[in-house]
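Colleague: I am new to this one, so could we go through it together? Please show me the structure and then let me ask away.

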Amino acid sequence: MSQKSAIFSPTQKDIDKAREIYRILISIYGTPEWREPLSAIDELVSTILSQNTNDTNRDRAYNNLRAKFSTWESVQDAPVEEVIEAVRVAGLANQKGSRIKSILKEISAERGELSLDFLRNTRKDEALDWLKQHKGVGPKTASIVLQFSLGIPAFPVDTHVYRVSGRTGIRPNKLNVERTHTWMEQLFDPKQYGPGHLNFIKFGREICHARKPECPICPINHLCSYFKNLPD
């Protein structure tokens with residue numbers, strides 16, 4: 001078996017372990033729901049703003065943008081400096097502001113309107129590729145738009161999901177972030193993608209920290225490869 005085929009073939013043991021972790025997190029955190037659903041364009045902009053910042057600053061920047069500009073068309077036509085200033089609170093404003101403006105212009109030019117609803121009628125891989133062709137839209141951003149706005153099942157992998165999946169051992173350690181999206185989708189049932197994504201993030205923020213994870217109180221430490229390999 002080639003390395004590539006092995007990478008994308010979770011064993012039944014991998015699947016069972018992942019779903020037991022999912023079950024335990026659901027028992028602790030419940031079945032979470034995404035914040036108020038947004039249209040796909042709105043979600044795309046919001047997710048770009050969320051990159052390398054927290055939810056509070058993302059929401060502040062998004063609300064600033066919507067308050068300053070009445071439509072996305074006005075954002076695409078506005079001087080880039082005004083867009084940058086509106087999203088400054090999200091950090092990396094020069095990059096995010098210019099990318100949002102550029103992406104909106106590209107969508108409008110290609111589609112003749114600022115809407116992503118046409119993606120509902122495309123295959124998932126085609127929808128992902130179409131979104132990722134725009135600079136600033138990676139697999140996580142594209143997957144969030146598909147999963148939470150377009151009803152196309154996808155498992156977004158952010159830094160928390162990547163860290164938790166690696167420490168627990170439900171993905172190969174050397175698997176990169178982009179391929180981890182496909183791996184996670186093979187571990188879980190599509191109905192588990194949204195709740196799994198959200199609970200992995202919550203768990204990563206509250207217990208499985210990037211530095212000094214709280215392993216002794218972790219509810220899944222009996223399943224965790226990282227914990228099992230800690231020195232006594």
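Colleague: Are helices α3 and α7 roughly parallel or roughly antiparallel to each other?

Modeller: Happy to help! This is a predicted model, where local features need pLDDT of at least 70, side-chain atom pairs count only at pLDDT 80 or more, and totals for chains, interfaces and linings use all residues. Residues are numbered from 1 along each chain as its sequence is written, and side-chain values use heavy atoms, leaving out hydrogens and water. Helix α3 (residues 40–50) and helix α7 (residues 93–111) pack at about 155°, with axes 10 Å apart; angles run from 0 to 180 degrees between N-to-C directions, and over 145 counts as roughly antiparallel, so α3 and α7 are roughly antiparallel.

Colleague: Which residues of α7 does α3 meet?

Modeller: Contact here means heavy atoms within 4.5 Å. By class, nine nonpolar, one polar and one charged residues take part in the contact of α3 with α7. From α3 come Ile41, Leu44, Val45, Ile48, Leu49 and Ser50, and they meet α7 at Lys96, Ile100, Ile103, Leu104 and Ile107.

Colleague: Which element gives the most to the lining of the largest pocket?

Modeller: A pocket is an open set of points on a 1 Å grid where a 1.4 Å probe fits, with protein on both sides within 12 Å along at least five of seven lines, and lining residues have an atom within 4 Å of a point. The largest pocket holds about 520 Å³ of space, and of its 22 lining residues, Asp55, Arg58, Asp158, Ile201 and Arg205 are closest to the centre. At least two lining residues each come from α3, α4 (55–68), α9 (139–150), α10 and α12 (193–206). The most, five residues, comes from α12.

Colleague: How many charged residues line the second largest pocket?

Modeller: This pocket has a volume of about 190 Å³. Of its 13 lining residues, Leu128, Lys132, Glu178, His181 and Thr182 are closest to the centre. Asp, Glu, Lys and Arg count as charged. The lining divides into three nonpolar residues, three polar and, for the charged class, seven.

Colleague: What is the volume of the largest cavity?

Modeller: In a cavity, the probe fits but cannot get out. The structure holds one cavity of 30 Å³ or more. Among the 14 residues lining the largest cavity, Phe203, Cys208, Cys215, Cys218 and Cys224 lie nearest its centre. Its volume, the space filled by probe spheres set on the grid points, is about 90 Å³.

Methods: Helix = DSSP H or I, 4+ residues; strand = E, 2+ residues; numbered from the N terminus. Parallel < 35°, antiparallel > 145°, perpendicular 65-115°, else oblique.
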